[in-house]
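Here are my notes for someone opening this one for the first time. Have a look at the picture, then read down the points.

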Amino acid sequence: MITLIIGLVILIGGGLLYGRFCEKVFGPDDRKTPAYENEDGVDYVPMKKWKNCLVNLLNIAGTGPILGPIQGILFGPIAFITIPIGCVIGGAMHDYFCGMICTREKGIQMPEMIKRHLPKGVSWIYTLIIVILLFLCGAVFVYTPGDIAATQLFGFGGTPGEASTWIIYGFIFVYYLIATVLPIDKIIGKVYPILGGILILSALGIFVMLFVSGHQLAEIFGDQILGGFDFGAYFQSHSFIPSFFVTVACGILSGFHSTQTSLIARTIESERHGRMTFYNMMICEGFIAMIWAAGAMAIIGLGAENAGITMQLTDAGWGYFESIDGALRQISPTSVVGVICRNMLGDIGGIIAIIGVVILPITTGDTALRSLRLVTAETFHIKQKTAVQRILLALPIFAVTLALLIWAKNDPNGFNVIWRYMGWANQTVSVFATSSIMIYMMRHGKTKYLWMPAIPFLFYSFVTTSYLLSASEGFSLDMTLSYTIAGVFTVFIFAASIYRGRKLSQIERRV
């Protein structure tokens, strides 16, 4: 538990200090926010700080901070250190500045923010990637809550041949359509605070039981074998950089979050609410990611014979196995969620926690599709004043999402494919965002703080490029070659960002 506790101290202590520093650097003031300046009763709607905090937390906390850490913890206790450090100086900083810049710029969405800071051709590439990412998020956040509900709550098989699977998917789609079209305060603003309470309580319940039940966790300096699984050997045999950071993603830094903070930029009542709403809610997501990572490590340590999980090597790599009716059977990462909940919280508490886990992706999927509607509308200048206009734009978006879901469900490797591409696209989007933050700072006399966005920009430029070049779903190049090309490319785009920032700054000074 020592490594986990150290990580939590870094997360909470670092978050308190660095969050205040980010706020000081940006400089929020008392100017009128877009929620009041552009109030339209649909997307620009003033909401209280506590409500915006819970809405933003549920927007950003999908299955990423659960399924990502469950798979990422196989790299071992190093995850308990990298998650909090990355969250404090990367993810939370990214969320705060994206949210605050969009607020300061009258509630613009991310494609417009990118367009204002990066060259036109680059902004179109960004828009294409963000649209792909939001479609993937929409499909994943129907797939995962639907399957968890089917298998863990209702006892169905969750297979594509069962009518129950598609009925559950259908209910989720109907809710998404309603939440995508109606004004943001009608469903999202009213339901999310309740759901947020369930989410936080379920994570806290697992956190407490980790200590009360005396679960064993591997330590960063010591024996890293638990339940017969060697976390250290897994770390040495896999490429920690970039694989770990693409796998865990949302618990450390997520480009998707910027599409959600830009939504909240239209509802916050004061710029001074930004640190709590944007920065601190990402710290909360980092906490959720660490708890689920610890929970997964703990039940691996128990082994299947003790109502936990046994890891076994399969043709597709390491797999999770549970004892079902006395026999070991492989289960999916989504089913691991159920094992953790039941083991830590018992039958009743486990069901409540699973409900919270089902809620997580649903409350992210609806705003992902809402963001996709707004991004599409702004890109192609499509009016969204009336409900009919919003429905007409939402329907083709939902049709494409459904087609993607049907393919993923019927292809044996479909979910793995869209999950990996979603992870890569997610991190790639953050590279565009952190580049824009750098340029924004240069244009507003904050060049001495350029290192703040530059750290995650450089790191994730290298991670996303090397992953695309080396991964089987990418170009399958040799890792050494991938690292070399990624390093050169990272230096190039960093220099290009600095050049762009200086150029825009010089133009504005002349004007």
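**Notes on the strands, the core and the surface**

1. Let's start with one pair: Thr310 has Phe321, in S4, as its bridge partner. This is a predicted model, where local features need pLDDT of at least 70, side-chain atom pairs count only at pLDDT 80 or more, and totals for chains, interfaces and linings use all residues. Numbering runs from 1 along each chain as its sequence is written, and side-chain values use heavy atoms, with hydrogens and water left out.

2. That pair belongs to strands S3 (residues 310-314) and S4 (residues 317-324), which run antiparallel over five bridges. A hairpin of two residues links S3 to S4. Strands (E, at least two residues) and helices (H or I, at least four) are DSSP runs numbered from the N terminus, and two strands pair if DSSP finds at least two bridges between them.

3. S4 also pairs with S5 (residues 327-331), again antiparallel and over five bridges. Here Ser323 has Leu328 of S5 as its bridge partner. Two residues sit between the strands in the hairpin of S4 and S5, where Asp325 takes a positive phi near 55°.

4. Now for the inside. The largest nonpolar core has 145 residues, and those touching the most other members are Leu4, Ile70, Phe80, Phe97, Phe244, Trp292 and Ile340. Helix H13 (residues 274-302) gives the most to this core, 17 residues. Such a core is a set of buried Ala, Val, Leu, Ile, Met, Phe, Trp, Tyr and Cys residues joined through side-chain atoms within 4.5 Å; buried means under 20% relative accessible area, exposed over 50%, and partly exposed in between (1.4 Å probe, protein chains only).

5. What does Phe80 touch, leaving aside neighbours within four places in sequence? Among its contacts (heavy atoms within 4.5 Å) are Thr3, Leu4, Leu217, Met290 and Met297.

6. Helix H4 (residues 64-72) is mostly covered, with eight of its nine residues buried. Ile70 is one of those buried residues, and Ile70 also appears in the list of core members with the most contacts.

7. Is Ser482, in helix H18 (residues 479-510), buried or exposed? Ser482 is buried, because its relative accessible area is 0%. Beyond four places in sequence, Ser482 touches Ser466, Leu469, Ser470 and Leu477.

8. Over in helix H14 (residues 333-380) lies Ile351. With a relative accessible area of 43%, Ile351 counts as partly exposed.
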